[in-house]
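Hi,

Here is the structure I said I would pass on. Have a look at it first, and then read my notes below.

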Amino acid sequence: MALQYKVNDGMRHRRAFEVARERGTAHDFESFRGARQCLLVTFKRSGEPVPTPVNFGLSADGRLYFRSEPHVAKIRRLRRDPHVRVCPCSFRGKPRGPLVEASARVLPESENQRADEIIDSNYRRDMRLVERGYDRMGVRMAYVEVTPG
């Protein structure tokens with residue numbers, strides 16, 4: 001798995017690492033409308049920021065949702081420290097809008113269906129096929145809600 005992460009970091013846009021160290025300037029997710037990926041910045045115990053592009057969906061009430069496998073490092077980091085930074089980005093993580101300071105929480109299973117519908121509404125057709133393939137294979141997912149502020 002370590003090789004996979006090195007490959008992913010190598011593919012990530014260099015600006016993703018630069019913006020991860022900046023402070024957020026926006027106060028809501030309005031600039032995310034129309035975007036499919038956002039750069040999620042979580043923090044290691046040392047305080048080092050870790051930028052990761054994720055597919056997301058926005059709810060009508062201004063909350064951002066994404067999903068990921070529950071055992072991955074970004075989920076472990078945000079369970080320990082809910083403070084995150086997010087901004088709209090390209091597939092490789094190149095920032096395309098202002099950074100927002102936010103708080104994230106892993107949702108209880110009772111809230112997963114709503115989050116999944118919100119995320120699914122923002123998928124392109126090809127991404128929907130990939131994500132539903134994971135579902136059919138039985139890959140477990142953690143759903144995360146991100147709130148500005």
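One thing before you start: this is a predicted model. I'd begin with strand 4 (residues 64–68) and strand 7 (residues 142–148), which run antiparallel and are joined by five bridges. If you want a spot to find that pairing on screen, go to Ser-68, which sits opposite Ala-142 of strand 7.

Now zoom out to the whole sheet. It is an open sheet of seven strands, paired antiparallel, and the order across it is 2-1-5-6-7-4-3. Strand 2 and strand 3 (57–58) are the edges, each pairing on one side only.

Two helices pack on this sheet. Helix 3 touches strand 1, strand 2, strand 4, strand 5 (83–89), strand 6 (100–106) and strand 7, and its direction makes about 60° with that of strand 1. Helix 4 (residues 112–120) touches strand 3, strand 4 and strand 7, with its direction at about 100° to that of strand 4.

Next, the strand 2 end of the sheet. Strand 1 (residues 37–43) pairs with strand 2 in the antiparallel sense, over seven bridges. One of the residues to look for is Gln-37, whose bridge partner in strand 2 is Asn-55. The two strands make a hairpin with five residues between them, and in the turn Gly-47 has a positive phi of about 95°.

So what about cover here: how many of the seven residues of strand 2 are buried? Six are, so although strand 2 (residues 49–55) is an edge strand, it is mostly covered, with buried meaning under 20% relative accessible area.

Arg-77 is worth a click too. You'll find Arg-77 in helix 3 (residues 73–80). Is Arg-77 buried or exposed? Its relative accessible area is 13%, and the cut-off for buried is under 20%, so Arg-77 counts as buried. Apart from neighbours within four places in sequence, Arg-77 is in contact with Thr-42, Phe-43, Lys-44, Val-50 and Thr-52.

Last stop, the surface. Val-130, Tyr-134 and Met-137 form a nonpolar patch there, with about 300 Å² of accessible area together. Tyr-134 belongs to helix 5 (residues 125–136). Why is Tyr-134 described as partly exposed? Because its relative accessibility is 34%, which falls between the 20% limit for buried and the 50% limit for exposed.

Cheers

Note on methods. Residues are numbered from 1 along each chain as its sequence is written. This is a predicted model: local features need pLDDT of at least 70, side-chain atom pairs count only at pLDDT 80 or more; totals for chains, interfaces and linings use all residues. Side-chain values use heavy atoms; hydrogens and water are left out. Patches are made of residues with over 30% relative accessible area and no salt bridge: like charges are joined within 9 Å, nonpolar side chains (Val, Leu, Ile, Met, Phe, Trp, Tyr) within 5 Å. Accessible areas come from the Shrake-Rupley method with a 1.4 Å probe; for residues, only the protein chains shown count as cover. A salt bridge is a side-chain nitrogen of Lys or Arg within 4 Å of a carboxyl oxygen of Asp or Glu. Helices (H or I, at least four residues) and strands (E, at least two) are DSSP runs, numbered from the N terminus. Buried means under 20% relative accessible area, exposed over 50%, partly exposed in between (1.4 Å probe, protein chains only). Contact means heavy atoms within 4.5 Å. Two strands pair if DSSP finds at least two bridges between them. Axes are lines fitted to C-alpha atoms, for helices over the stretch in contact, and angles run from 0 to 180 degrees between N-to-C directions.
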